[in-house]
Amino acid sequence: MSAAQAVSLSTADLPVIALGHLLGAMADDEFVIGSSDSEWTGIAPLLEEDVAMSSLAQDEIGHAAALYGLLGGLTGRDPDVIAYDREPDEYRHSRLLDHGRGDWAMTIARRYLYETSDAVRLDALVGGTWAPLADLCGKLVREERYHQMHVTAWFTRLAHGHDEPRERLLKALATLSPDAGSVFTPLPGEPALVEAGILAAPMTELEARWRSMIAPTFAALDLPMPPPTARPAMGRQDHGADFAWLWGEFNQVRRSDPEAVW
Amino acid sequence: MSEAGIQIGIARARSGATGGSGTVPRIDEAAVRLALAEVMDPELPMVSIVEMGMVGEVAVGPTIRVDLLPTFVGCPALELIGAAVVARLAAFGRPVEVRATFVVPWTSERITPDGLAALAAAGIAPPTSLEDTRCPHCASALVVRDSLFGPTQCRSLFYCRSCRQPFEALKIV
């Protein structure tokens, strides 16, 4: 039996299509970052970090399963089919998560930018009018707090490190910067979500909140703030070769035996 | 089925009525909760799911319905727990429906005093702030947190500088 199951939901009076885009974007984000995190299992720089990255991956993929479950309930599709049986260009995770595992500094930089973005997004959903998502986000916030403590400690440690650690962090931030704000790519049908009270504010406003939230940390660590997203309309598309490789990894078992049960 | 109820993972785990002419125990909510107190957490087998605070609403009707509050959204033990609940309640001779819900979020404050005592006896410290964490082996306050993340999603790793033993503590969730 799969971890993800469709949820029976009433769709009356819901902006179903826009809600599907929101759930799909969130689920793909969590699924892709969890899959990237899991690449450290067995090869992280410290034993504690091996355990931590594996646990983070388990959390994120669990969150993805719950979100795909809601999306499955909304659309009548099998959540595993949504998670695994799409072509790479059909995924809608943010381009921030498209840069490959890289070194440890790259992983920390990507996690820091993602976790802080996700915190702002969750904050805009916990009080929402659609109970299944608002309830789930209320629970996710409690778990993500540990993720933020972990990544903030590492982000600060690398930034304070002389020479190599700081240089690697700066290099990673420079690579990620064109896509740093891509979690906040406006969603198709987004105004309907805001109007229905499911999402507290448009993505452009959430991005502004995120930037003012991280600015003091970047200033204190003397790091350059990420510039505006380079191609805002394409923030969840055009995923590139690194993601094509990751896609081949995470659905390998599924493709070899679609009926497999584990 | 409540529309607001989120079901994941173990949604719709059901047992058939067992039927038969054997003695069927008295059925009410208290009896069901008493039976659930015998279902242990697979990842922390010294505490029951009742002591962990994982049992939410229990409704006894033609079907026995049990709401479970997952400790973590991605808890991999959820299916096992759902199956154990169904197996334990089969003796009541009615269909059992178990569903996971986040309507009431599980928090570490839901663990009962008995549950905390059983965890401490097994060397797992209760969910407290870093300053208040004591070594479960020697009660020393000279402890350091080695890692926020431990062997399961709900635990962190600590080290006691007094008795020089590693130990685990539940996360504050």
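This is a tour of three places in chain A of a predicted model: one bent helix and two helix pairs. Residues count from 1 along each chain as its sequence is written, and chains are lettered from A in the order in which they are written. Local features need pLDDT of at least 70, and side-chain values use heavy atoms, with hydrogens and water left out.

Select residues 131-160, helix α5(A). Helices here are DSSP runs (H or I, at least four residues), numbered from the N terminus. α5(A) has 30 residues and reaches 42 Å from its first C-alpha to its last. Now centre on Glu143(A), where α5(A) bends by about 30°; the bend is the angle between axes fitted to the seven residues ending there and the seven starting there.

Next, select α4(A), residues 104-123, and α6(A), residues 164-176. Their axes are 8 Å apart, at an angle of about 55°. Axes are lines fitted to C-alpha atoms over the stretch in contact, with angles from 0 to 180 degrees between N-to-C directions. Show side chains: on α4(A), Ala105(A), Met106(A), Ala109(A), Arg110(A) and Leu113(A) make contact with α6(A) residues including Leu169(A) and Leu173(A). Contact means heavy atoms within 4.5 Å.

Keep α4(A) and add α1(A), residues 16-38. This pair packs at about 155°, with axes 12 Å apart. α1(A) and α4(A) are therefore roughly antiparallel, the term for angles over 145 degrees. Among the α1(A) residues that meet α4(A) are Asp29(A), Glu30(A) and Asp37(A); on α4(A), look for Arg110(A), Arg111(A) and Arg121(A), among others. Arg110(A) also belongs to the α4(A) side of the contact with α6(A).

How values were computed: Predicted model: local features only at pLDDT ≥ 70, side-chain atom pairs only at ≥ 80, totals over all residues. Expected span 1.5 Å × (residues − 1). Parallel < 35°, antiparallel > 145°, perpendicular 65-115°, else oblique.
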